[in-house]
Structure formats: C-alpha cells, structure tokens
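This report sets out selected local and global features of one protein model. The sequence and coordinates are shown first, and the discussion follows.

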Amino acid sequence: MERDGLTEEEVREQYSEEEIFDRVMEMRETDYEEETDALIGWFDGQTPGFTPAITDENSDWYGNPVIVSGSIGRWDGTRSGFTVYDSFRDAIDTSPSSYDGDNVFADCEIQKIWDENGHLFLTGAHHDGSVSVELRQLTNKGMDAYEAIEDALATWTTDHFTINGRSYSTGVKSILQAIRDLWDDPDLAEVPRYMEKAFGCPAEEYEEPEHPKEQAQAFSLSAEAKSARDSSMQLAQTTGNTAPIHETAR
C-alpha cells in the first residue's frame with residue numbers, strides 16, 4: 001500500500017508503534033469533534049460547513065430541546081427511561097459524575113453515533129457498563145406537552161391534564177404513559193433524519209422488521225444515572241432497600 005509517495009513499510013521504519021497509535025487516536029478524536037460539532041449545529045438550526053440537501057419543512061423547531069430514550073448499565077443492573085435536555089450538546093455531555101450533573105453520558109466515552117433509517121442513536125461506555133440511547137427533537141407542540149408533564153410531576157394538584165387530545169391523570173402510570181406517547185407521536189417528538197436532510201441520503205436504508213418495542217420503565221433516564229452514582233457509594237446499605245418509584249429494573 002502506498003500513499004503520498006510512502007509505502008507502509010517506510011512509514012513503519014520511521015515511526016514507532018506507539019507514535020502510529022497516538023496519531024490514529026488523534027485523527028479519531030478530530031473526526032469525532034468535527035461530527036459532533038456538525039450535529040450540535042444541526043439541532044441548533046445552524047449548519048456550519050454544509051447546506052441542507054433538501055428543504056426542511058420542520059426547521060421552525062430547530063433549537064428546541066431534545067428527548068432521549070434508552071438504557072443505562074449500572075452496577076446493580078440495567079435501567080431504562082427518558083430524559084429531556086435543552087440541546088444536543090447537553091445530551092452528549094461526558095463531564096465527570098463528580099460534578100453532580102444529570103448527564104446520562106457522565107464518565108463515558110461516547111463510542112458511536114449513527115443514523116439508521118432517520119433515527120439517531122448514540123452509545124457510550126463507563127466503568128459500570130454502557131449507555132445506549134435514541135435521540136429525537138421536540139416540536140413546538142412537544143415542548144408544550146413536556147411542560148404539561150413537568151407541571152403534573154411537580155404539583156400533583158390537578159386531577160388530569162391533556163396532551164394532543166389525549167387525557168391523562170396525575171398518577172404514576174398515567175404520567176409515564178404520557179411520556180411514552182410523547183416519544184411515539186411524530187407531532188411531538190421528531191425523528192431527526194439527519195443524513196437525509198443534511199446530505200441527501202436515502203430516507204430509508206432498509207425496511208425494518210416488525211417487532212414489539214421495548215417499553216422504557218422510568219420517568220427520567222438522567223435520574224437513573226445520578227441514582228446509580230449516588231447509590232454506588234452506599235453499597236453496604238443496599239440489602240432490603242426499596243427503590244424510588246421511578247426506578248424499575250428491566
């Protein structure tokens with residue numbers, strides 16, 4: 001193999017294995033930063049470095065919060081749920097858990113971000129396991145819906161609330177159903193279709209097989225992450241403890 005006038009053998013003669021590895025990791029980090037910067041700009045409604053390949057009829061809600069659904073591997077098992085962040089940048093925050101934030105990727109190395117049939121997935125790993133989520137963006141109606149859910153969780157003072165024509169009580173199961181319905185409703189949570197909209201790739205790469213969707217079991221995925229960090233420091237007290245109401249092992 002030859003590139004820029006140099007063969008692989010000549011390169012290996014000039015550089016040690018450690019130097020080659022360091023260079024590969026440097027290039028990998030550069031690629032990651034460029035791609036995440038592009039995605040941050042995309043979700044914020046700014047498109048640095050490229051022009052959207054097709055007209056986006058939904059561009060009026062770029063800059064809106066994003067909702068993630070997925071699972072977190074913890075020292076005591078796997079938890080699943082939902083969390084809303086102000087931006088894509090906040091959703092991929094990997095700052096240390098010692099900062100006491102609500103970022104699901106705390107202490108993680110994000111290993112993969114990919115578009116699959118318009119859906120955007122992210123995976124990462126940390127010392128207790130892995131984090132795997134899908135991310136969507138709230139529409140303007142979705143922002144109003146999530147605000148209604150937050151109000152119901154914060155006050156518990158009303159008998160019911162309505163989202164997009166559907167009525168819910170302030171009970172735990174009903175509120176969790178409201179979050180699931182928000183996630184599943186394209187009028188409220190939009191699948192990004194990033195590769196299609198930004199680069200003109202096919203809207204659908206393959207036909208997805210029909211199979212039942214796994215149901216998330218928690219209100220707040222970030223609460224699960226924070227709970228794992230808090231409880232891991234109290235291992236001696238785990239026997240016989242009752243989990244908070246929003247925690248359900250999968």
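Gly63 is partly exposed, because its relative accessible area is 38%; buried means under 20% relative accessible area, exposed over 50%, and partly exposed in between, with a 1.4 Å probe and protein chains only. Gly63 belongs to the loop between α2 (17–44) and β3 (66–74). Helices (H or I, at least four residues) and strands (E, at least two) are DSSP runs, numbered from the N terminus. Although Gly63 and Asp44 are 19 residues apart in sequence, their C-alpha atoms are 4.0 Å apart in space. When residues up to four places away in sequence are not counted, Gly63 touches Phe43, Asp44, Gly45, Asp86 and Gln137, contact being defined as heavy atoms within 4.5 Å.

The model is predicted: local features need pLDDT of at least 70 and side-chain atom pairs count only at pLDDT 80 or more, while totals for chains, interfaces and linings use all residues. Residues are numbered from 1 along each chain as its sequence is written, and side-chain values use heavy atoms, with hydrogens and water left out.

**Overall composition**

The protein contains seven helices and 10 strands. Of its 250 residues, 39% are buried. Among contacts between residues at least 6 apart in sequence, 59% join residues at least 24 apart.

**Loop residues**

A second loop residue with a C-alpha pairing across the chain is Asp159, placed between α4 and β8 (160–163). With a relative accessible area of 69%, Asp159 is exposed. The C-alpha atoms of Asp159 and Ser169 are separated by 5.8 Å, the two residues being 10 residues apart along the chain. Leaving aside neighbours within four places in sequence, Asp159 is in contact with Tyr168, Ser169 and Thr170.

Two further loop residues have a positive phi although neither is a glycine: Asp107 and Asn117. Their values are collected below.

| Residue | Phi | Location | Relative accessibility |
|---|---|---|---|
| Asp107 | about 65° | loop between α3 (88–91) and β5 (109–116) | 29%, partly exposed |
| Asn117 | about 55° | loop between β5 and β6 | 10%, buried |

**A buried strand residue**

Thr123 lies in strand β6, which covers residues 119–126. Its relative accessibility is 18%, and Thr123 therefore counts as buried. Not counting residues up to four places away in sequence, Thr123 touches Phe105, Glu109, Ile110, Gln111, Lys112, Trp114, Val131 and Ser132.

**The α4–α5 pair**

Helix α4 (residues 140–155) packs against helix α5 (residues 172–184) at an angle of about 165°, and the axes are 11 Å apart. Axes are lines fitted to C-alpha atoms, for helices over the stretch in contact, and angles run from 0 to 180 degrees between N-to-C directions. The two helices are therefore roughly antiparallel to each other; angles under 35 degrees count as roughly parallel, over 145 as roughly antiparallel, 65 to 115 as roughly perpendicular and the rest as oblique. The crossing of α4 past α5 is left-handed, a term used if the near helix is turned anticlockwise from the far one by less than a right angle.

On the α4 side the contact is made by Gly142, Ala145, Tyr146, Ile149, Ala152 and Leu153, and on the α5 side by Ile175, Ala178, Ile179 and Leu182. These residues divide into nine nonpolar, one polar and no charged. Here Ala, Val, Leu, Ile, Met, Phe, Trp, Tyr, Cys and Pro count as nonpolar, Asp, Glu, Lys and Arg as charged, and the others, Gly among them, as polar. An α-helix has 3.6 residues a turn, so residues three or four places apart point the same way.

Helix α5 has 13 residues and reaches 19 Å from its first C-alpha to its last, close to the 18 Å expected at 1.5 Å a residue; the expected span is 1.5 Å times one less than the number of residues. The buried residues of α5 are Ser174, Ile175, Leu176, Ala178, Ile179, Arg180, Asp181, Leu182 and Trp183.
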